[in-house]
Amino acid sequence: MAKLWAGRFQKETDAVVNDFNSSVMFDCRMYAEDIQGSIAHATMLAQQGIISQEDRDAITQGLQDLLAEIEAGKIEFSPALYEDIHMANEQLLTERIGDAGKRLHTARSRNDQVALDMRLYVRREIHEIRALVLHFMQVLCDVAEQHRESVMPGYTHLQRAQPITFAHHLMAYANMLKRDVRRLDDCLAGMDALPLGSGALAGTTYPIDRTLVAELLDFSAVMDNSLDGVSDRDYCIELCSDLSILMMHLSRLSEEVISWCSWEFKFIELDDAYSTGSSIMPQKKNPDICELIRGKTGRVYGALTTLLTFMKAIPLAYNKDMQEDKEATFEAIDTVKNCLKVIAPMFQTMTVLTENMENAAKRGFINATDCADYLTKKGMPFRDAYKVTGTLVHTCIEQGKTLDTLTLSEYQAHSPLFEEDIYHAIDLGTCVRERRSLGGPAPDEVSRQIEGIRSFLHAQKEEA
């Protein structure tokens, strides 16, 4: 089939070059956006008197019929037939409606056409990703609600540090995801400008109305410079950066779940439907979902690196290197969506082994800070209280005891400030309940945190 740009050329494209050059096998996923943009473009051309109303009607109906055929699976996008989705749609349209189809490309270039299609596609996908993130935040709130008083050890350096609750731990991730949503919103705001009308790089001599097209496609502005309009891929880079941070959060959480599932921790047990077994070891129950999320994070980082690398040395305006934006961006989007779709139900169905968490919290002297605070509240300078408590911990280790099992006389041998109420002060329940500072793990304070996330989620629904 002759290329739409074939007039300048006297030879057919070499078959290997054709396959190497073609992008239709991956950019065909933008078929709906390409048709949407073409209908808006044709509407504007007719209103401006650049094409007739009859041609506009034929183009619109032809594109709508083509959309229905594609979605019904009746069209095959083959590199042997089509170079990219833009030329495929135009060729298919022209085969159906004749000369009117040949007028569609008036006053536009594939350069600003693909810039538009990519923005429309990315915009739609961001909304879908946001919805998945918001759903996962809801799941985390629901699980946290059930475990506001489930004590567990908090860690620094992977060493037991201070007592917290499982709900407090989960709400840390809910807040990370909230920031991820905000970053996606910023990306949407930054890309909310129409590139169509930039032409190949220098606009057009036709009396087009870019503002009308922007209104038809729900953009709040038009891009102010035609060179920038066809060469900007900042929003793809920004999206992949946002998705990389999101995947980093999911990977950190997955790493914790992997640890929590191990016999060494055994804080949770995943549902059978979200675990896998071993081909040789019948006892195994593996957290493969989390391991895959952890691994797939690197693919999203790779997409960001790909975009930054090929864009770093491209002169204005459009260059074929920019075709590489699609596979990288598409893979990042697909990977994130797949991970979010599987991690939410995994959390909904897992079993939290609260007794194991509490038993772990009872070991490791994670109430030592509370012991020091007890002395400080009775007038001892904190540094002195710190040293006394450290000495007590050393004594416990030597004697195989815990702070809870030391006798009052053993306490008073180190300081007369110790009284019977020390046992209440270092009780894990007390340690958690007394951490009422804003952002802390006290059950009432965690309830406030949960309500804050729920309010955020409610506001998102109101805006949708």
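Start your tour of this predicted model at lysine 266, in the loop between helix H11 (234-261) and strand E3 (268-269). Check the backbone here: phi of lysine 266 is near 55°, a positive value in a residue other than glycine. Is this lysine buried or exposed? At 16% relative accessibility, lysine 266 counts as buried, because the cut-off for buried is under 20%.

Next, select histidine 157, in the loop between strand E1 (151-156) and strand E2 (159-165). Histidine 157 is not a glycine, yet has a positive phi of about 55°. Turn on the surface and you will find histidine 157 exposed, with a relative accessible area of 74%.

For one more backbone stop, go to the loop between helix H12 (288-311) and helix H13 (324-349), where alanine 317 is found. Which form does the peptide bond from leucine 316 to alanine 317 take? The bond is cis, with omega near 5°.

**Zoom out**

Now show the whole chain as a cartoon. You should find 20 helices and four strands. The radius of gyration is 30 Å, well over the 23 Å that the globule rule gives for 464 residues, so the chain is more spread out than a compact globule. Along the principal axes, the C-alpha trace spans about 100 × 50 × 40 Å. Of the 464 residues, 49% count as buried.

To get a feel for these distances, select glycine 203 and leucine 270. They are 67 residues apart in sequence, and their C-alpha atoms lie 57 Å apart in space. Glycine 203 belongs to the loop between helix H8 (166-190) and H9, and counts as partly exposed at 28% relative accessibility.

**Salt bridges**

The chain has 32 salt bridges, and a few make good stops. Begin with arginine 183 and aspartate 180, whose closest N and O atoms are 3.1 Å apart. Both residues sit in helix H8, three residues apart, about one turn of the helix. Aspartate 180 is buried at 2% relative accessibility, whereas arginine 183 is partly exposed at 22%.

Move on to arginine 435 and aspartate 370, a salt bridge with its closest N and O atoms 2.7 Å apart. Which parts of the chain does this pair link? Distant ones: arginine 435 is in the loop between helix H19 (428-433) and helix H20 (443-463), while aspartate 370 is in helix H15 (residues 368-377), 65 residues apart. Both arginine 435 and aspartate 370 are buried.

Then follow helix H20 to arginine 448 and glutamate 445, which lie three residues apart, about one turn of the helix. Their salt bridge brings the closest N and O atoms to 2.6 Å. Arginine 448 is partly exposed at 40% relative accessibility, and glutamate 445 is buried at 9%. For a salt-bridge network, select Glu33, Arg124, Glu125, Glu128 and Lys337, which are joined into one by bridges that share partners.

**Last stop: the surface**

Finish by coloring Asp186, Asp224, Asp228, Asp234 and Glu238, which form a negative surface patch. Where in the chain is aspartate 224? Look in the loop between helix H9 (210-216) and helix H10 (226-231). Aspartate 224 is exposed, with a relative accessible area of 81%.

How values were computed. Residues numbered from 1 in each chain as written. Predicted model: local features only at pLDDT ≥ 70, side-chain atom pairs only at ≥ 80, totals over all residues. Heavy atoms only, no water. Patch = residues over 30% accessible without salt bridge, like charges linked within 9 Å, V, L, I, M, F, W, Y side chains within 5 Å. Areas by Shrake-Rupley, 256 points an atom, 1.4 Å probe, with all protein chains shown as cover. Salt bridge = Lys/Arg side-chain N within 4 Å of Asp/Glu carboxyl O. Lys, Arg positive; Asp, Glu negative; His and termini not counted. Charge placed at Lys NZ, Arg CZ, Asp CG, Glu CD. Helix = DSSP H or I, 4+ residues; strand = E, 2+ residues; numbered from the N terminus. Buried < 20%, exposed > 50% of the residue type's maximum accessible area, 1.4 Å probe, protein only. Rg over C-alpha atoms; globule rule 2.2 N^0.38 Å.
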